[in-house]
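Student: I've got a model open on my screen and I'd like to learn how to read it. Could you walk me through it?

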Amino acid sequence: MFVNLLALARDHLDILVYAAVFLHEAYPRLNDVLTERAEARCAIRIAVGDADSANVQQRGTEERFGHGIESRCRLALMHYRALEATPGIDLQTHDTTLYSSIFRAVDEMYVNAHVWGVNAFGAPVWHLRRTVDGGVFDTYTASFNAVWQTGRPVKG
């Protein structure tokens with residue numbers, strides 16, 4: 001799934017998650033590929049959940065995962081921190097209530113629709129393609145952008 005988006009990413013790549021540590025686990029070269037994309041002038045925005053936020057902690061309670069989600073947010077940030085000085089890659093944390101994880105490149109997107117009480121890996125993933133203006137694809141793009149505006153850049 002995600003490899004397809006990486007292959008498409010020429011102009012931009014957006015990632016909105018609480019953690020999604022499966023990305024680095026499944027793709028050990030992920031940071032290398034993201035760096036290569038950025039060097040080829042692909043703008044990359046990555047928003048990871050703030051492990052100390054009330055919303056992340058609430059999510060752990062709702063999913064009966066306890067502090068697991070918090071530790072996964074910290075682990076994801078640890079993986080991405082290696083990219084923070086890479087030109088073209090912007091890394092932020094956010095403390096929003098995350099209704100969906102979003103992975104977007106060009107006119108394709110994967111949306112992990114979160115389900116109350118279910119870990120993200122057990123929730124459905126939709127593959128969306130942008131076919132019309134103002135459709136579902138644009139709704140999720142606007143959602144990403146709204147969360148991005150609330151984020152805090154990761155520095156040092």
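Tutor: We'll go through the sheet, then the helices, then the salt bridges and a few single residues. Keep in mind that this is a predicted model.

Student: Let's start with the sheet. In what order do the strands lie?

Tutor: For any sheet, write down the order of its strands across the sheet. Here there are seven strands in an open sheet, ordered β6-β5-β4-β1-β2-β3-β7, and the pairing is mixed.

Student: Which are the edge strands?

Tutor: Look for strands that pair on one side only: here they are β6 (125-129) and β7.

Student: And how do β2 and β3 run relative to each other, parallel or antiparallel?

Tutor: They run parallel, with six bridges joining β2 to β3 (residues 89-94). Within that pair, Arg 45 stands opposite Asp 90 in β3.

Student: Which strands does helix α3 touch?

Tutor: α3 (residues 30-39) packs on the sheet and touches β1 (12-16), β2 and β3. Its direction makes about 140° with that of β2. Helix α5 also lies across β1, β2 and β3, running at about 155° to β2.

Student: How do I work out which way a helix faces?

Tutor: Begin with the geometry: an α-helix has 3.6 residues a turn, so residues three or four places apart point the same way. Then mark the buried positions, meaning those under 20% relative accessible area. In α3 these are Leu 30, Asn 31, Val 33, Leu 34, Arg 37 and Ala 38. Looking down the axis of α3, they fall within an arc of 160°, so they line one face of the helix.

Student: What covers the buried residues of α3?

Tutor: The cover includes α1 (2-8), β1, α2, β2, α5 and β3. While you're there, check the residue that follows: α3 is followed by Arg 41, which has a positive phi, near 75°.

Student: Can we do the same with α5? Which of its residues are buried?

Tutor: Sure. The buried ones in α5 are Gly 68, Ile 69, Glu 70, Cys 73, Ala 76, Leu 77 and Tyr 80. Their cover includes β1, α2 (22-26), α3, β2, α4 and β3.

Student: What length does α5 reach, and what would be expected?

Tutor: Compare the end-to-end distance with the span expected at 1.5 Å a residue. α5 has 14 residues and reaches 20 Å from its first C-alpha to its last, close to the 20 Å expected.

Student: On to charges. How many salt bridges does the structure hold?

Tutor: Ten. To read one, find the two partners, then ask where each sits in the chain. Take Arg 152 and Asp 50, whose closest N and O atoms are 2.9 Å apart. Arg 152 is in strand β7 (residues 152-153) and Asp 50 in the loop between β2 (43-49) and α4 (54-62), so this pair ties together parts 102 residues apart in sequence. Arg 152 itself is partly exposed, at 32% relative accessibility.

Student: Which residue does Asp 52 form a salt bridge with?

Tutor: Arg 74, with the closest N and O atoms 2.5 Å apart. That one links Asp 52, in the loop between β2 and α4, to Arg 74 in helix α5 (residues 68-81), 22 residues apart. Asp 52 is exposed at 56% relative accessible area, whereas Arg 74 is partly exposed at 43%.

Student: Any other salt bridges to look at?

Tutor: Asp 138 and Arg 130 meet in one, at 2.6 Å from N to O. There's also a network of salt bridges that links Asp 14, Arg 45 and Arg 104. You've met Arg 45 already, opposite Asp 90.

Student: Last topic: single residues. Is Val 147 buried or exposed?

Tutor: Pair the accessibility with the contacts. Val 147, in helix α6 (residues 136-150), is buried at 11% relative accessibility. Leaving aside residues up to four places away in sequence, Val 147 touches Leu 16, His 94 and Thr 96. Thr 141 lies in α6 too and is buried at 12%; with the same neighbours left out, Thr 141 touches Arg 104 and Met 109.

Student: And where is Glu 84?

Tutor: In the loop between α5 and β3. Glu 84 is partly exposed, at 26% relative accessible area. Its C-alpha is separated by 9.2 Å from that of Pro 153, 69 residues apart along the chain.

Methods: Residues numbered from 1 in each chain as written. Predicted model: local features only at pLDDT ≥ 70, side-chain atom pairs only at ≥ 80, totals over all residues. Heavy atoms only, no water. Salt bridge = Lys/Arg side-chain N within 4 Å of Asp/Glu carboxyl O. Helix = DSSP H or I, 4+ residues; strand = E, 2+ residues; numbered from the N terminus. Buried < 20%, exposed > 50% of the residue type's maximum accessible area, 1.4 Å probe, protein only. Contact = heavy atoms within 4.5 Å. Pairing = 2+ DSSP bridges. Axes fitted to C-alpha atoms, helices over the stretch in contact; angles between N-to-C directions. Expected span 1.5 Å × (residues − 1). Arc of directions from axis to C-beta.
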